[in-house]
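The following account leads through the nonpolar interior of a model and then turns to its loops. Please keep the sequence and the coordinates in view while reading.

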Amino acid sequence: MNDIVINCAICADLMPLVKDDVASEESKEAVIKHIAACDSCASLWGYSGIEILESTENKTTIDDKKVFENIRKGIYKFIFAFMIIGLLWGVAIINSVNMFYNIIIMPILGACSYYIFRRKFYIFSIMVFVSVVLRSVIEYFVEFGNGAHIGIDLLNSSFTWGLIHVTFTLAGVLIAFLLHFAFGKTK
Ligand SMILES: [Zn+2]
């Protein structure tokens, strides 16, 4: 292994990268070596040279990160499955006596979509719109059979249903965004 010797300025530049665990192995080693030998850089880091050697050689922190990452992925999958089931149920109850549950269901799903997709929350809103419109179109054809034709009335009613449900979904996104913003501020 060839040793890379760095000066204090380069060491200070690399420190944030090492702390965030995005530096290359070479940079990490060079920083650790430098800190172990340089008191001013060690105090800049916030540890003594020996402590930093121990903490970076100890790989369990990285393993912990992986475990945490896996748990997070598992939660995301669970919530996404919940969103799909919720959407299917919400679409199924349109035009039934239970349809007003969608006033609650859609915002909850919207909040979930913000939690999972963040800025790409519109992916789920589009899914809501498409499923609701499709349902209205299918229902229309089932109801009118051969007399059905694609006209302005069908577009009007199906798009209106779609927009109503997207509005409720976006209300949930907005609530989740505001909560996220509020909690982010306090941290
Ligand atoms: Zn130094």
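Helices, taken as DSSP runs of H or I with at least four residues, are numbered from the N terminus. The model discussed here is predicted.

The largest nonpolar core has 19 residues. Within this core, the members that touch the most others are Met83, Met106, Leu109, Ala111, Tyr114, Val128 and Val173. At least two residues of the core come from each of four helices: H5 (60-92), H6 (102-117), H7 (122-144) and H8 (152-186). Apart from this core lies another, made up of eight residues, including Cys11, Met15, Ala30 and Trp45.

Leu109 may serve as an example of the packing. Leaving aside residues up to four places away in sequence, Leu109 touches Met83, Gly86 and Leu87, as well as Thr169 and Gly172.

Attention now passes to the loops and their backbone angles. Most residues other than glycine have a negative phi. Asn95 has a positive phi, near 70°, and is found in the loop between H5 and H6. Arg118, in the loop between H6 and H7, also has a positive phi, near 50°.

Are these two loop residues, Asn95 and Arg118, buried or exposed? A residue is classed as exposed if 12 or fewer other C-beta atoms lie within 10 Å of its own. Asn95 counts as exposed because it has 11 C-beta neighbours inside 10 Å. Arg118 is likewise exposed, because 11 other C-beta atoms lie within 10 Å.

Notes
Residues numbered from 1 in each chain as written. Predicted model: local features only at pLDDT ≥ 70, side-chain atom pairs only at ≥ 80, totals over all residues. Core = buried A, V, L, I, M, F, W, Y, C linked by C-beta atoms within 7 Å. Buried ≥ 20, exposed ≤ 12 C-beta atoms within 10 Å, placed from the backbone. Contact = placed C-beta atoms within 7 Å.
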